[in-house]
Amino acid sequence: MKLRPIWLISVLFLAGALLVPAGSQATYYDWTTSGGGNWSTDANWSGTGIPGANDQATINPTVAAVVNGNGASVNTLTIGSQVTMTVGSDFSFYKMASTPYSDPTLYNYGTIQVASPGGYNSAGIYVKPKHG
Amino acid sequence: MATILPEFMSNLNMGNSAGPLTFLSSAANPGNITLMGPNSNLSTALYNTGIRTLINGENHTIQGAGNVTASPLYNYGTILANLGTLTIQNPFPSSPVYNFGTLSAAGAGNTLVVNKQVRAMSDTNLIKSDGGKVQVYDLYGDASPVNLGNGVKSHPNLDLNLLGKINVTSGSVFNTELHSKGYFL
């Protein structure tokens, strides 16, 4: 069957749409500070800004380090054996927004402590639907 | 031995869900998540849609006191109550704990409450207590025998259901006196 140009363009456009992820790509962040600190501090990370819901992050300093992970969001996180991460509010794992929709994963070789606030407050590690 | 992930998940890896959430670790550097008290949570079931699976991998430990909520929960590592009461929640009754690893409570005054069916999935599965209490109500030993150590008790508020093969370690006691109704399927 001979394809007319409009059909050919449509097929190529559709194929392109399927190949190009709809969401933003993951960014890889490394913890560059020698010790501990706050997740939310830009200067502690390589690259621009801080890790977000579609991103992958590694915290693996060579010395003992306490990292405050309050309010953090990430897709995949690696924590080294020297790290103690404290969570006093929420820490959220997200499925990656774009293909291949990477499942949220924690490679944990250290310690994560989730606080237990008083009263009606709570803290936790949660997984949430894809972001973006 | 590496963690074996459930085969069906390869078919469920779509974009409309949140999970599964997987915790992986190693024998050389075993990681842990410590829940510090009753208002401390670990949950893959905040939303009533999609995959709410939590996979606790081999060599990884979830411990302390607080709440673990997942549907279902695959445990290849250790879930340990050692700071008070640690509860494995049951938002969806038909969603079990698939246990390849260890469910335990250590130290007097510490209790692991399992408000879900526990389905033994390997010969190395173990439910035990090291001085604490473990409360269970629904044990399935059909895929593999359920291995019980000392200090395991039936749930005080839920009917006891036992199916398949239940192994009680020599010298151990499985206390089923807490509730009057029991079902042996």
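A residue counts as buried if 20 or more other C-beta atoms lie within 10 Å of its own. The exercises below apply this cut-off and related ideas to a predicted model.

**Exercise 1. Determine whether strand E4 of chain B is enclosed or open to the surroundings.**

Solution. Begin with the chain as a background: chain B has 185 residues, and buried residues make up 56% of them. Next, consider strand E4 of chain B, which spans residues 61–69. Nine of its nine residues are buried, so E4(B) is largely enclosed by the rest of the structure.

**Exercise 2. Identify the strands of chain B that pair with E4(B), and state the direction of each pairing.**

Solution. First, take strand E2 of chain B, residues 32–43: eight bridges join E2(B) to E4(B), and the two run parallel. One of the residue pairs here is B:Ser43 with B:Thr69 of E4(B). Second, take strand E6 of chain B, residues 78–88: seven bridges link E4(B) to E6(B), again in the parallel sense. In this pairing, B:Val68 has B:Ile88 of E6(B) as its bridge partner. E4(B) is thus parallel to E2(B) and parallel to E6(B).

**Exercise 3. Trace the pairings of strand E13 of chain B through residue B:Tyr140.**

Solution. Strand E13 of chain B covers residues 138–148 and pairs in parallel with strand E10 of chain B, residues 118–120, over two bridges. On this side, B:Arg119 stands opposite B:Tyr140. E13(B) also pairs in parallel with strand E15 of chain B, residues 160–168, over seven bridges. There the bridge partner of B:Tyr140 is B:Leu163. B:Tyr140 therefore has a partner in each pairing, B:Arg119 and B:Leu163, where two strands count as paired if DSSP finds at least two bridges between them.

**Exercise 4. Describe the side of chain A that touches chain B, and find which element gives the largest share.**

Solution. Start with the totals: 30 residues of chain A are in contact with 33 residues of chain B. The elements of chain A that give two or more residues to this side are strands E9 (105–108), E10 (111–114) and E11 (123–128). The largest share, six residues, comes from E11(A). By class, this side of chain A has 16 nonpolar, 10 polar and four charged residues.

Finally, examine a pairing between the chains. E9(A) is joined by three bridges to strand E1 of chain B, residues 21–24, and the two run parallel. Within this pairing, A:Thr105 has B:Thr22 as its bridge partner.

**Exercise 5. State how many helices and strands chain B has.**

Solution. Chain B has zero helices and 17 strands.

Definitions and conventions: Residues are numbered from 1 along each chain as its sequence is written. Chains are lettered from A and ligands numbered from 1 in the order in which they are written. This is a predicted model: local features need pLDDT of at least 70, side-chain atom pairs count only at pLDDT 80 or more; totals for chains, interfaces and linings use all residues. Two residues are in contact if their C-beta atoms, placed from the backbone, lie within 7 Å. Helices (H or I, at least four residues) and strands (E, at least two) are DSSP runs, numbered from the N terminus. Ala, Val, Leu, Ile, Met, Phe, Trp, Tyr, Cys and Pro count as nonpolar, Asp, Glu, Lys and Arg as charged, and the others, Gly among them, as polar. A residue is buried if 20 or more other C-beta atoms lie within 10 Å of its own, exposed if 12 or fewer, and partly exposed in between; C-beta atoms are placed from the backbone.
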